[in-house]
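Work through the following exercises with the structure open. Each task is followed by a solution in steps.

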Amino acid sequence: MTFTFSLTPGDILNSNDRSLHWGAKARRAKALRQRAAIAWRLAGSPQMSRARLLVTVTYPTGHRRDVANLQATVKPLVDGMVHPFPGVRGLPPDDDDDHL
């Protein structure tokens, strides 16, 4: 099963971006969680006991980037699929090492 998220620069959370206000970060993270929860719901609300996560990052230009800094973007997407709505089990039952 594949989920694809096309993100704009305004959607991205970067671990090195310390200038972004905490409230703006929280809004972006919430929006990413909601996008993932909606994608999970539109896919038929699948459930698995274990899942493998593969993140592929592409950029429109060939500039070098440190993709590890995008963990701040990936985490809310994962959270949105693991805990899509209050009281609802998502794709895997948890995002710990035993399930993801």
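**Exercise 1: Fold and overall dimensions**

Task: State how many helices and strands the chain has, and decide whether its radius of gyration agrees or disagrees with that of a compact globule.

Solution. The chain holds two helices and zero strands. The coordinates are those of a predicted model. For the second part, take the chain length, 100 residues. A compact globule with that many residues would have a radius of gyration near 13 Å. The chain has 14 Å, which agrees. Along the principal axes, the C-alpha atoms fill a box of roughly 35 × 30 × 25 Å.

**Exercise 2: Surface, contacts and charge**

Task: Find what percentage of the residues count as buried, and describe the accessible surface, the contacts and the charged side chains.

Solution. Of the 100 residues, 26% count as buried. The accessible surface comes to about 7100 Å², and carbon and sulfur atoms account for 54% of that area. Next, consider contacts between residues at least 6 apart in sequence: 64% of them join residues at least 24 apart. Finally, the chain carries 14 positive and 9 negative side chains; the centres of these two sets are 7 Å apart.

**Exercise 3: The nonpolar core**

Task: List the residues of the largest nonpolar core and identify which helix gives the most to it.

Solution. The core has 10 residues: L13, L20, A24, A29, L32, A36, W40, L77, M81 and L91. Both α1 (22-42) and α2 (71-82) supply at least two residues each. The most comes from α1, with five residues. In soluble globular proteins, nonpolar side chains tend to be buried together. One core member, L91, can be followed further. Not counting residues up to four places away in sequence, L91 touches M1, F3, W40, P46, Q47, M48, M81 and V82.

**Exercise 4: Two polar residues**

Task: Classify K30 and N69 as buried, partly exposed or exposed, and locate each in the chain.

Solution. K30 lies in helix α1. Its relative accessibility is 47%, so K30 counts as partly exposed, since the exposed class begins over 50%. The C-alpha atom of K30 is separated by 7.3 Å from that of P76, although the two residues are 46 apart along the chain.

N69 lies in the loop between α1 and α2. With a relative accessible area of 13%, N69 is buried, the cut-off being under 20%. Leaving aside neighbours within four places in sequence, N69 is in contact with L13, N14, S15 and N16. Among these contacts, L13 is also a member of the largest nonpolar core.

Definitions and conventions
Residues numbered from 1 in each chain as written. Predicted model: local features only at pLDDT ≥ 70, side-chain atom pairs only at ≥ 80, totals over all residues. Heavy atoms only, no water. Helix = DSSP H or I, 4+ residues; strand = E, 2+ residues; numbered from the N terminus. Rg over C-alpha atoms; globule rule 2.2 N^0.38 Å. Buried < 20%, exposed > 50% of the residue type's maximum accessible area, 1.4 Å probe, protein only. Contact = heavy atoms within 4.5 Å. Areas by Shrake-Rupley, 256 points an atom, 1.4 Å probe, with all protein chains shown as cover. Lys, Arg positive; Asp, Glu negative; His and termini not counted. Charge placed at Lys NZ, Arg CZ, Asp CG, Glu CD. Core = buried A, V, L, I, M, F, W, Y, C linked by side-chain atoms within 4.5 Å.
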